[in-house]
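Me: Could you take me through the pairs of charged side chains here, one question at a time?

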Amino acid sequence: MSTARPGAPGATRTCPHCRATILESAAVCPACKHHLRFDPQAAARSAAAAKESPFRVEGTITHPAGSAPVEYSVVISITNDRGEEIARQVVGVGALHALEKRTFTLAVEVFGTGS
């Protein structure tokens, strides 16, 4: 069995477990965390990427005291260097009731292509 990374950098495929679009080179799906193929270095790469994430933001929203429930949508947008939007996706929606809060974390993981 080959453990080499297949395809061109940036090539994608669909995770057979959760149907998320993922990198073709992924040994573990970043969405559902299922293993996709044997790769003895996958855990080390994943841990290194988590520690060396070039972009990570975390924030918390709380329900405004004394008001009716509020709704929220989590939208992620990716733009290229010319400011053109190349991807936009709603990743979650919900509502906050009295005394509730939600914490959101956005992280970008970068992987070498081995080339």
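**Salt bridges in a predicted model**

Reply: In this predicted model, E85 and R88 are joined by a salt bridge, and their closest N and O atoms lie 3.4 Å apart.

Me: Is E85 buried, partly exposed or exposed?

Reply: The class called partly exposed lies between the buried limit of under 20% and the exposed limit of over 50%. E85 has a relative accessibility of 46%, and therefore E85 counts as partly exposed.

Me: And is its partner R88 buried or exposed?

Reply: A residue has to have over 50% relative accessible area to be called exposed. For R88 the relative accessible area is 57%, so R88 is exposed.

Me: Which residue forms a salt bridge with E100?

Reply: Side chains of opposite charge can pair when their charged atoms come close. E100 is partly exposed, at a relative accessible area of 28%, and the partner is partly exposed as well, at 27%. The closest N and O atoms of the salt bridge are 3.8 Å apart, and the residue that pairs with E100 is R102.

Me: Which residues are linked with D81 in a network of salt bridges?

Reply: The side chain of D81 meets that of R82 in a salt bridge, with 4.0 Å from N to O, and both of these residues are exposed. The network of salt bridges also takes in a further residue, so that, by the rule of a nitrogen within 4 Å of a carboxyl oxygen, the residues linked with D81 are R82 and E84.

Me: How many salt bridges are counted in the model?

Reply: The pairs described above include E85 with R88 and E100 with R102. By the rule used here, the count of salt bridges is five.

Methods:
Residues are numbered from 1 along each chain as its sequence is written. This is a predicted model: local features need pLDDT of at least 70, side-chain atom pairs count only at pLDDT 80 or more; totals for chains, interfaces and linings use all residues. Side-chain values use heavy atoms; hydrogens and water are left out. Buried means under 20% relative accessible area, exposed over 50%, partly exposed in between (1.4 Å probe, protein chains only).
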